[in-house]
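Okay, thanks for squeezing me in. I'll put the model up and then walk through a handful of spots I'd like you to look at with me.

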Amino acid sequence: MRLGDCVDFDQVAALVRHPAWVLLRADNAALVLSFCGTVFVNENARGVPESVLESRLDDRLYLLHEDKPGSFPRSADAYLAEWTKNGWLRS
């Protein structure tokens with residue numbers, strides 16, 4: 001491989017700020033991906049009202065707390081607000 005054939009460092013470094021990359025590095029990535037995968041991929045839902053998402057996530061958090069107490073200390077609406085702010089959900 002020649003030096004000129006290398007991927008540009010600055011371009012790769014800029015990816016660290018991309019929402020998908022940030023998601024994969026997030027502490028709650030498994031929660032985000034499993035919840036969104038269930039709702040938006042498995043169930044093929046679109047345009048789900050925020051209140052429905054909050055209720056569904058609250059139910060998921062309740063079940064997770066039974067198996068992993070203290071793993072997800074915030075409320076469902078706090079997680080959804082963070083996910084929206086980070087560009088993982090649209091409001």
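Before anything else, one bit of vocabulary: I'm calling a residue buried when its relative accessible area is under 20%, exposed when that is over 50%, and partly exposed in between. And keep in mind that this is a predicted model.

So, take Arg-74. Its relative accessibility comes out at 38%, and because that sits between the two cut-offs, Arg-74 counts as partly exposed. You'll find Arg-74 in the loop between H4 and helix H5, which covers 76–85. What does Arg-74 touch, if we skip residues up to four places away in sequence? The contacts are Asn-28, Leu-61, Tyr-79 and Glu-82. With Leu-61, the C-alpha to C-alpha separation is 9.2 Å, and the two are 13 residues apart in sequence. With Glu-82, there is a salt bridge between the side chains, at 2.7 Å from N to O.

Now follow that contact over to Asn-28. This one is in the loop between helix H2, residues 19–25, and helix H3, residues 29–42. Buried or exposed, then, for Asn-28? Buried: the relative accessible area is 6%, and the cut-off for buried is under 20%. Again leaving out residues up to four places away in sequence, Asn-28 touches Phe-72, Arg-74, Tyr-79, Glu-82, Trp-83 and Trp-88. So if you're colouring by contacts, notice that Arg-74 and Glu-82, the salt-bridge partners, are both on the contact list of Asn-28.

How many salt bridges does the structure hold? Two. You've seen one, and the other joins the side chains of Glu-43 and Arg-56, at 2.8 Å from N to O. Glu-43 is in the loop between H3 and H4 while Arg-56 is in helix H4, so this pair ties together parts that are 13 residues apart in sequence. As for accessibility, Glu-43 is partly exposed at 42%, and Arg-56 is also partly exposed, at 29%.

While we're in that loop between H3 and H4, have a look at Asn-44, which is found there too. Its phi is near 55°, so a positive value in a residue other than glycine, if you're going through the backbone torsions. Asn-44 counts as exposed, because its relative accessibility is 53% and the cut-off is over 50%.

Next, the packing of H5 against H4. Ala-76 is found in helix H5 and is buried, with a relative accessible area of 3%. Which residues does Ala-76 contact, leaving aside neighbours within four places in sequence? Glu-54, Leu-57, Asp-58 and Leu-61. Take Glu-54 from that list: the C-alpha atoms of Ala-76 and Glu-54 are separated by 5.6 Å, with their positions 22 residues apart along the chain.

Over at the other end of the sequence, Pro-19 is found in helix H2. Pro-19 is partly exposed, at 33% relative accessibility. Its contacts, again leaving aside neighbours within four places in sequence, are Asn-86 and Trp-88. There's a long jump along the chain here as well: Pro-19 and Trp-83 are 64 residues apart, yet their C-alpha atoms are separated by 9.9 Å. And Trp-88 might ring a bell, since Asn-28 touches that residue too.

Let me finish on the surface, where I have two patches for you. The nonpolar one is formed by Val-7, Val-12, Leu-15, Val-16 and Trp-21, and together these have about 410 Å² of accessible area. Of those, Trp-21 is found in helix H2, and at 36% relative accessibility Trp-21 counts as partly exposed.

The second patch is negative, made up of Glu-50, Asp-58, Asp-59 and Asp-77. Which helix gives the largest share of the negative patch? That's H4, residues 50–67, with three residues. One of the patch members in H4 is Asp-59, partly exposed at 47% relative accessibility. Another patch member, Asp-58, came up a minute ago as a contact of Ala-76.

That's my tour. Happy to rotate the view if anyone wants another look.

Definitions and conventions:
Residues are numbered from 1 along each chain as its sequence is written. This is a predicted model: local features need pLDDT of at least 70, side-chain atom pairs count only at pLDDT 80 or more; totals for chains, interfaces and linings use all residues. Side-chain values use heavy atoms; hydrogens and water are left out. Patches are made of residues with over 30% relative accessible area and no salt bridge: like charges are joined within 9 Å, nonpolar side chains (Val, Leu, Ile, Met, Phe, Trp, Tyr) within 5 Å. Accessible areas come from the Shrake-Rupley method with a 1.4 Å probe; for residues, only the protein chains shown count as cover. A salt bridge is a side-chain nitrogen of Lys or Arg within 4 Å of a carboxyl oxygen of Asp or Glu. Lys and Arg count as positive and Asp and Glu as negative; His and the chain ends are not counted. The place of a charge is taken as NZ of Lys, CZ of Arg, CG of Asp or CD of Glu. Helices (H or I, at least four residues) and strands (E, at least two) are DSSP runs, numbered from the N terminus. Buried means under 20% relative accessible area, exposed over 50%, partly exposed in between (1.4 Å probe, protein chains only). Contact means heavy atoms within 4.5 Å.
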